[in-house]
Amino acid sequence: MNPALPVVTDETVTAIALAAARGDSDASERFVQALQLDVRRFVTYLAKDAQAADDLTQDTFLRALSSLHRFEGRSSARTWLLSIARRVVADSLRHAAVRPRVADTADWQLAAERSQPKGLPGFDEGLALTELIEALSQDRREAFVLTQLSGLSYAEVAALRGCPVGTVRSRVSRARRSLARCLTDAPSVPDGTSGPVAA
């Protein structure tokens, strides 16, 4: 972790986004600067392609800035932006999947079959997992996504969120338990909160 990184809480970055949505050009620049590293790490993890990370990051901010006037702050700006980044990566992967590739091989069917990844969840499983993550409470969902999907350390997320590292660890742990219970079809609320629990 770089200790020189400024602490930008969700409240701060959401306020910046709302100012940018009202037409403040300086706020738009600060919005990009505050979340550029988060987005780049997130798309790198999802796309599994560091070479494409810059293009995916740029595409994410292009989409976000063009629709920023509709941002109302119902969720944090970070969550809103990462959801756009996820769609950008999904579109990129779909585009790459349908693009024809030239292969110097006589048996292209065998080559295609051998190149398929093994043991990965299918489309339906991916949708189900996405829905389970979306069902988590906002604090737990953000802690889980930033640490487990975008690759930020617990300390970095604590600095970004303005809370103790132990709080981040607790939220991630509870998010994991909630997801595990849902995946095993145990009867529970999707977020696993049967009563008031401290974050």
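## A walk through an all-helix chain

At 63% relative accessibility, lysine 48 counts as exposed. Lysine 48 sits in the loop between α2 and α3. Its backbone is worth a look. Lysine 48 is not a glycine, yet it has a positive phi of about 55°. Most residues other than glycine have a negative phi. This is a predicted model, and the phi of lysine 48 is computed from it.

Now step back to the whole chain. The protein chain has 9 helices and 0 strands. Read from the N terminus, the order of elements is α-α-α-α-α-α-α-α-α. Of the 199 residues in the chain, 37% are buried. Take the contacts in the chain with a separation of 6 or more: 65% of them link residues 24 or more positions apart.

Next comes the interior. The largest nonpolar core holds 49 residues. Within it, Phe31, Trp80, Leu81 and Val168 touch the most other members. Two or more residues each come from α1 (10-21), α2 (25-47), α3 (53-67), α4 (77-98), α6 (123-135), α7 (138-149), α8 (154-161) and α9 (165-183). The most comes from α2, which gives 9 residues. In soluble globular proteins, nonpolar side chains tend to be buried together.

Leucine 81 shows what such a core residue touches. Set aside its neighbours within four places in sequence. Leucine 81 is then in contact with Phe31, Leu35, Val39, Thr60, Phe61 and Ala64. One of these partners, Val39, also appears in the contacts of threonine 57.

Threonine 57 lies in helix α3. Is threonine 57 buried or exposed? Its relative accessibility is 5%, so threonine 57 counts as buried. Beyond residues up to four places away in sequence, threonine 57 touches Gln36, Val39, Arg40 and Val43.

Move along the chain to helix α9. Leucine 179 has its place there. With a relative accessibility of 7%, leucine 179 counts as buried. Residues up to four places away aside, leucine 179 touches Leu132, Ile133, Leu136 and Phe144. Take isoleucine 133 from that set. Isoleucine 133 and leucine 179 are 46 residues apart in sequence. Their C-alpha atoms are 7.4 Å apart in space.

Now look at how helices pack, beginning with α4 and α7. These two pack at an angle of about 50°, and their axes are 11 Å apart. That angle makes α4 oblique to α7. The crossing of α4 and α7 is left-handed. From α4, the contact uses Arg78, Thr79 and Leu82. From α7, it uses Arg141, Glu142, Val145 and Leu146. Which kinds of residue make up the contact of α4 with α7? The residues divide into 3 nonpolar, 1 polar and 3 charged.

Helix α7 also packs against α8. The axes of α7 and α8 come within 9 Å and cross at roughly 135°. That makes α7 oblique to α8. The crossing of α7 and α8 is right-handed. On the α7 side stand Asp139, Glu142, Leu146, Thr147 and Gln148. They meet Tyr154, Val157 and Arg161 in α8. The residues of this contact divide into 3 nonpolar, 2 polar and 3 charged. Two names recur in α7. Glu142 and Leu146 take part in the contact with α4, and Glu142 and Leu146 also take part in the contact with α8.

End with arginine 161, which lies in helix α8. Where does this charged residue sit, buried or exposed? Arginine 161 has a relative accessible area of 14%, so it is buried, the cut-off being under 20%. Leaving out residues up to four places away in sequence, arginine 161 touches Thr9, Asp10, Asp139, Glu142 and Arg171. Two of these partners, Asp139 and Glu142, belong to α7. Threonine 9 is far off along the chain: 152 residues separate it from arginine 161. In space, the C-alpha atoms of threonine 9 and arginine 161 are separated by 4.7 Å.

Notes:
Residues numbered from 1 in each chain as written. Predicted model: local features only at pLDDT ≥ 70, side-chain atom pairs only at ≥ 80, totals over all residues. Heavy atoms only, no water. Core = buried A, V, L, I, M, F, W, Y, C linked by side-chain atoms within 4.5 Å. Buried < 20%, exposed > 50% of the residue type's maximum accessible area, 1.4 Å probe, protein only. Helix = DSSP H or I, 4+ residues; strand = E, 2+ residues; numbered from the N terminus. Contact = heavy atoms within 4.5 Å. Axes fitted to C-alpha atoms, helices over the stretch in contact; angles between N-to-C directions. Parallel < 35°, antiparallel > 145°, perpendicular 65-115°, else oblique. Left-handed = near helix turned anticlockwise from the far one by under 90°. Nonpolar A, V, L, I, M, F, W, Y, C, P; charged D, E, K, R; others polar.
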